[in-house]
Amino acid sequence: MNVTAIIILLSVGLAAGYLSGLVGIGGGLVIVPVLVLALSYSQQLAQGTTLFMFLFPIGILGVMQYYKNGNVDWKAAVLIGSTFIIGSYYGSKAAVEIDEALLKKIFGSFIILIGLKLIFFK
């Protein structure tokens, strides 16, 4: 794993944690697209790696299936998870200070942008 990939993985963990705290999204909504689009993971490898990050106590049975089929990058999952916790703390701190209507707009816009990117671009 090269330095650029490590930086991307740590950054996505921080960003996903922040957004999880800010708008209550699951980390997979952020992490899976980054792994697929920025690091060229297959969809299965991205999903398996993200599930591994959430392994305890969530997702153990799903992770076992992905792992048996070679679709878990445990090193990437550990790196993402190590910064996710920091991001979720600061994201939640920001969310409680933001007006609810604005927070709903941020959340909706984020989902639309990610959806459009996944539908119309490689």
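Contact here means heavy atoms within 4.5 Å. The model used in these exercises is predicted.

**Exercise 1. Work out what surrounds threonine 50, and say whether the residue is buried or exposed.**

Step 1. Place the residue: threonine 50 lies in helix 3.
Step 2. Compare its accessibility with the cut-off. Buried means under 20% relative accessible area. Threonine 50 has 5%, so it counts as buried.
Step 3. List the contacts, leaving aside neighbours within four places in sequence. Threonine 50 then meets Gly28, Ile31, Val32 and Leu35.
Step 4. Locate one of these partners: helix 2 covers residues 27-39, and Ile31 is among its buried residues.

**Exercise 2. Describe helix 2: what is its span, and which helices do its buried residues pack against?**

Step 1. Take the length. Helix 2 has 13 residues, and 17 Å separate its first C-alpha from its last. That is close to the 18 Å expected at 1.5 Å a residue.
Step 2. Pick out the buried residues: Gly27, Val30, Ile31, Val32, Pro33, Leu35 and Leu39.
Step 3. Find their packing partners. These are helix 1 (3-23), helix 3 (43-53), helix 5 (74-95) and helix 6 (100-120).
Step 4. Look just past the end of the helix, where serine 40 adopts a positive phi of about 60°.

**Exercise 3. Set threonine 49 beside leucine 51: which is buried and which is partly exposed?**

Step 1. Both belong to helix 3: threonine 49 and leucine 51.
Step 2. Read the accessibilities. Threonine 49, at 0%, counts as buried, whereas leucine 51, at 26%, counts as partly exposed.
Step 3. Check the threonine 49 side chain, which comes to 2.7 Å from the backbone oxygen of leucine 45.
Step 4. Collect contacts, not counting residues up to four places away. Threonine 49 touches Leu35, Tyr41, Asn71, Val72, Asp73, Ala76 and Ala77. For leucine 51 the partners are Ile58, Gly59, Gly62, Val63 and Tyr66.
Step 5. Add a distance: 14 Å separates the C-alpha atoms of leucine 51 and tyrosine 41, which are 10 residues apart along the chain.

**Exercise 4. Why does the radius of gyration of the chain agree with a compact globule?**

Step 1. Count the elements: the chain has 6 helices and 0 strands.
Step 2. Apply the rule. For 122 residues a compact globule would have a radius near 14 Å; the chain has 14 Å, so the two agree.
Step 3. Consider the contacts between residues at least 6 apart in sequence: 67% of them join residues at least 24 apart.
Step 4. Finish with burial and surface. Buried residues are 32% of the 122, and the chain exposes about 7,400 Å², of which carbon and sulfur atoms supply 69%.

Technical notes. Residues are numbered from 1 along each chain as its sequence is written. This is a predicted model: local features need pLDDT of at least 70, side-chain atom pairs count only at pLDDT 80 or more; totals for chains, interfaces and linings use all residues. Side-chain values use heavy atoms; hydrogens and water are left out. Helices (H or I, at least four residues) and strands (E, at least two) are DSSP runs, numbered from the N terminus. The expected span of a helix is 1.5 Å times one less than its number of residues. Buried means under 20% relative accessible area, exposed over 50%, partly exposed in between (1.4 Å probe, protein chains only). A polar contact is a pair of N or O atoms within 3.5 Å; within protein, one must be able to donate a hydrogen and the other to accept it, and residues adjacent in sequence count only if both atoms are side-chain atoms. The radius of gyration is taken over C-alpha atoms; the globule rule is 2.2 Å times the number of residues to the power 0.38. Accessible areas come from the Shrake-Rupley method with a 1.4 Å probe; for residues, only the protein chains shown count as cover.
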